[in-house]
Amino acid sequence: MINRYQWGVYQVDNPEEYGIVEIHDEMVTRIHEKIQNPISQLINAGIYHFSKDIFEYIKKTGLSSRGEYELTDAINNMIQEIPIQSIMIKQWMDIGYPWDMFRATEEILNEIEPVIKGNVESNATLKGPVMIEEGTIVMNGSYIQGPAIIGKNCTIGPNCYIRPFTAIGDGCHIGAATEIKNTIVMNNSNVPHHNYVGDSIIGSGCNLGSGTKVANLRLDKKKVIVYHYGKRINTDRRKLGVIMGDNVQTGVNAVINVGSIIGNNVFIGPGTIVQGCIEPKSRLL
């Protein structure tokens, strides 16, 4: 019988940067958060298989020294009463920051095969491995370079350019004179008129007004630095556009600068220049 309580672990060369999982006879005995002298190279992969019991332990867990409710604290308490089996993960990638999703997307898209389930009009061009899901129409003049994936019930084009390593969710509209490159566009978002978006993540339910442009390269060509709630983070990326939350709306000709982070439900007025970290529910006019 498969144990109802399982914990994914992964072996790394730099365990001091992660939570270390202590194991005895394949059963988890404890997790140690980022200790300087790790007792093993097995880290917490962040993949769990539990029953609803875990919520009872979360309710009993107090605030940590960081002022947070730590899931690992709840699990350490649960281990004292319920056996948890360790499962070795064969393939794993650390997604610590939003821009790490680009590496994960690239790895996944490099393995896709061309699949066309939607409707591609005769004067649209598809190059390389491109996956188009059911209900999607690719209109004339559209040029798509794979690897790329487009979800269900999307409208693509006419006359747009989708470049490699772009992943578009369901119910999206990528429209006329728009160029998208190495970008994740989540469900029900529109990039419909005269837009450029590169090396970015666009949340769900977003709409970019006509002429909205996203800068993705510093003028000095140096690595992009992100400022998030006063913290300076070197992304180690030469190109990074915007990390945009859900339900963000931009007016015509808005400009979003390199390495910007925009929270959920932000309204950006026409012609506005955006940079830095924008709090959720902000209004920029």
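Here are four short exercises on the structure above, each with a worked solution.

This is a predicted model, where local features need pLDDT of at least 70, side-chain atom pairs count only at pLDDT 80 or more, and totals for chains, interfaces and linings use all residues. Residues are numbered from 1 along each chain as its sequence is written, and side-chain values use heavy atoms, with hydrogens and water left out.

**Exercise 1. The whole protein**

Describe the overall make-up of the protein.

Solution. Start with secondary structure: there are three helices and 33 strands. Helices (H or I, at least four residues) and strands (E, at least two) are DSSP runs, numbered from the N terminus. Next, the C-alpha atoms fill a box of roughly 60 × 45 × 35 Å along the principal axes. Finally, 44% of the 285 residues count as buried. Buried means under 20% relative accessible area, exposed over 50%, and partly exposed in between (1.4 Å probe, protein chains only).

**Exercise 2. Serine 86**

Find out why serine 86 is classed as buried or exposed, and list its contacts.

Solution. First, place serine 86 in strand E5, residues 85–88. Its relative accessibility is 12%, so serine 86 counts as buried. Now look for contacts, meaning heavy atoms within 4.5 Å. Skipping neighbours within four places in sequence, serine 86 touches Trp7, Val9, Ile23, Glu26, Met27 and Val28.

**Exercise 3. Alanine 45**

Work out where alanine 45 sits and what surrounds it.

Solution. Begin with the strand: alanine 45 belongs to E4, residues 42–49. Then check the accessibility: alanine 45 is at 10%, so it counts as buried. Leave out neighbours within four places in sequence, and its contacts are Gly8, Val9, Tyr10, Ile89 and Trp92. Last, pick a distance: the C-alpha atoms of alanine 45 and isoleucine 87 are 9.8 Å apart, while the two residues are 42 residues apart along the chain.

**Exercise 4. Phenylalanine 55 and its patch**

Say which residues join phenylalanine 55 in a nonpolar surface patch.

Solution. Go to helix H1, residues 53–60, which holds phenylalanine 55. Because its relative accessible area is 51%, phenylalanine 55 is exposed. Patches use residues with over 30% relative accessible area and no salt bridge; like charges are joined within 9 Å, and nonpolar side chains (Val, Leu, Ile, Met, Phe, Trp, Tyr) within 5 Å. A salt bridge is a side-chain nitrogen of Lys or Arg within 4 Å of a carboxyl oxygen of Asp or Glu. Phe55, Ile58 and Leu71 make the patch, about 250 Å² of it, with areas from the Shrake-Rupley method and a 1.4 Å probe.
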